[in-house]
Amino acid sequence: MDRGSGKHGLAAGVAARPSRPDWTIDQGWSNYTAEEHATWRTLFERQTALLPGRACEAFVQGMRALPIDAARIPDFRALSEVLRARTGWQVVAVPGLVPDEVFFEHLANRRFPAGHFIRRPHELDYLEEPDVFHDVFGHVPMLMHPAIADYLQAYGEGGLRAQRLGRLPMLARVYWTTIEFGLVREAGGLRLYGAGIASSRTETVFALDDDSPHRVAFDLPRVMRTRYRIDDFQEIYFVVRDLAELLELARIDFAPLYEQVAAQPELAPGELDPADTLLHRGSGRYHRERAARG
Ligand SMILES: C[C@H](O)[C@H](O)[C@H]1CNc2nc(N)[nH]c(=O)c2N1
Ligand SMILES: N[C@@H](Cc1ccccc1)C(=O)O
Ligand SMILES: [Fe+2]
């Protein structure tokens with residue numbers, strides 16, 4: 001699936017079997033090997049070096065306040081203690097992807113399900129399922145921010161609702177373009193807050209520095225009708241004005257929007273709409289060359 005670029009695809013099926021009804025397991029922190037901690041260190045150090053001037057302020061502040069460092073894979077109990085005091089969230093361990101309704105149920109209750117395993121040393125840029133580096137390094141710092149904390153809880157509730165309405169694909173696009181691959185405007189320029197970017201060395205560079213992708217102002221109905229890529233870098237990154245814009249989104253009733261948007265044509269990944277607020281017109285070079293290679 002992945003041809004050498006580093007992004008997190010959710011194409012793989014769900015993990016083997018629930019050990020508990022909510023699919024949680026013990027992190028088993030003391031069972032991590034020295035090699036696994038070393039893999040964490042490698043990933044941590046190379047990402048940390050890239051993030052100044054690229055990660056948003058909330059990400060940097062969240063990371064600073066959490067017990068996350070290069071030395072070892074973080075212990076979810078220690079993370080949860082700090083998170084709970086700040087925003088009421090906790091981190092629970094899961095064996096990999098869990099079914100949608102299980103995922104939503106956790107989020108709706110301010111529990112972030114994080115993969116307990118870490119990728120193998122020979123596949124540092126390859127990831128089929130979210131592992132502890134993606135989930136903890138990428139997602140958990142943003143959960144320290146009150147707007148993201150509320151947004152993600154609301155997303156969990158909205159997910160359960162979208163499932164009942166048969167509109168999950170449309171809602172998932174909102175998650176994808178914000179929580180996973182979102183950019184935000186800051187005084188110094190565009191910054192990343194999406195975990196799929198923040199946990200990927202190659203995509204961190206691609207999303208912000210490369211001339212190839214478009215950057216378009218986030219617009220809810222626009223995003224809802226846009227298909228996305230799970231197996232390669234995004235061709236368009238959507239930019240929010242600030243993190244408070246996400247909170248406004250969370251408070252919008254999506255039910256009538258689903259019906260309006262369903263009546264409109266979908267947009268392919270990378271396809272621009274005449275109504276877009278284009279912040280940066282990308283050259284499309286990367287995806288064109290990729291397509292030419294076949
Ligand atoms: C649409 C939904 O948000 C998505 O497919 C879910 C499914 N299950 C998951 N399970 C885990 N552990 N992590 C995830 O990010 C997700 N994503
Ligand atoms: N407000 C949305 C749910 C949602 C919350 C947060 C993010 C995205 C969507 C709804 O009515 O279903
Ligand atoms: Fe993720």
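Begin by selecting ligand 1 in this predicted model, and then display its surroundings, where 10 residues form the shell and the closest are Leu97, Val98, Phe103, Pro113 and Ala172. If you colour this shell by residue class, you will find 9 nonpolar residues, no polar ones and 1 charged residue around ligand 1. Two helices are worth highlighting at this stop, since α4 (100–108) and α7 (168–180) each supply at least two residues of the shell around ligand 1.

Next, move to ligand 2 and select the residues around this second ligand, which are Tyr151, Ala154, Tyr155, Gly158, Arg161, Leu171, Val174, Leu249, Ala250, Ile252, Asp253 and Phe254. Which helix gives the most to the shell around ligand 2? It is α6, with 5 residues. Helix α7, which you have already highlighted at ligand 1, is also found here, for α6 (146–165), α7 and α11 (244–251) each supply at least two residues of the shell around ligand 2. By class, the shell around ligand 2 divides into 9 nonpolar residues, 1 polar residue and 2 charged residues.

Now keep α4 and α6 on the screen and hide the rest for a moment. These two helices pack at an angle of about 145°, with their axes 7 Å apart, and the crossing that they make is left-handed. To see the contact itself, select Asp100, Glu101, Phe104, Glu105, His106, Leu107 and Ala108 on the α4 side, together with Leu152, Gln153, Tyr155, Gly156, Glu157, Gly159, Leu160 and Gln163 on the α6 side. Coloured by class, the contact of α4 with α6 shows 6 nonpolar, 5 polar and 4 charged residues.

Within this contact, centre the view on Phe104, a residue of helix α4. Is Phe104 buried or exposed? Phe104 counts as buried because 22 C-beta neighbours lie inside 10 Å, and the cut-off for a buried residue is 20 or more. Leaving aside residues up to four places away in sequence, Phe104 touches Gly156, Gly159 and Leu160. For a sense of distance, draw a line from the C-alpha atom of Phe104 to that of Arg229, which is 125 residues apart from Phe104 along the chain, and the two atoms will be separated by 22 Å.

Bring the other residues of α4 back into view, and select Phe103, Phe104, Glu105, His106 and Leu107, which are the buried residues of this helix. What covers these buried residues includes β1 (90–94), β2 (111–115) and α6, and it helps to show these three elements as ribbons while the side chains of α4 are drawn as sticks.

Follow the chain onward from α4 to Arg110, which sits in the loop between α4 and β2. Arg110 has a positive phi of about 60° although it is not a glycine. Arg110 is partly exposed, because 18 other C-beta atoms lie within 10 Å.

A second residue of this kind is Trp23, found in the segment before α1 (34–50). The phi of Trp23 is near 70°, a positive value in a residue other than glycine. Trp23 is buried, since 23 other C-beta atoms lie within 10 Å.

Then select Phe117, in the loop between β2 and α5 (132–139). With 19 C-beta neighbours inside 10 Å, Phe117 counts as partly exposed. Not counting residues up to four places away in sequence, Phe117 touches Asp131 and Val132. Phe117 and Glu129 are 12 residues apart in sequence, and their C-alpha atoms are 9.8 Å apart in space.

Continue to the end of the chain and select helix α13 (residues 285–293), which lies largely in the open because the number buried among its 9 residues is 0. Just after α13 comes Gly294, which takes a positive phi of about 80°.

Finally, zoom out to the protein chain as a whole, where the secondary structure comes to 13 helices and 7 strands. The C-alpha trace spans about 55 × 40 × 40 Å along its principal axes, and the radius of gyration of the protein chain, 18 Å, agrees with the value near 19 Å for a compact globule with 294 residues. Buried residues make up 40% of the 294 residues. Among contacts with a separation of 6 or more, residues 24 or more positions apart account for 71%.

Key:
Residues are numbered from 1 along each chain as its sequence is written. Chains are lettered from A and ligands numbered from 1 in the order in which they are written. A residue is buried if 20 or more other C-beta atoms lie within 10 Å of its own, exposed if 12 or fewer, and partly exposed in between; C-beta atoms are placed from the backbone. Helices (H or I, at least four residues) and strands (E, at least two) are DSSP runs, numbered from the N terminus. The radius of gyration is taken over C-alpha atoms; the globule rule is 2.2 Å times the number of residues to the power 0.38. Two residues are in contact if their C-beta atoms, placed from the backbone, lie within 7 Å. A residue is near a molecule or strand if its C-beta atom, placed from the backbone, lies within 6 Å of it. Ala, Val, Leu, Ile, Met, Phe, Trp, Tyr, Cys and Pro count as nonpolar, Asp, Glu, Lys and Arg as charged, and the others, Gly among them, as polar. Axes are lines fitted to C-alpha atoms, for helices over the stretch in contact, and angles run from 0 to 180 degrees between N-to-C directions. A crossing is left-handed if the near helix is turned anticlockwise from the far one by less than a right angle, and right-handed if clockwise.
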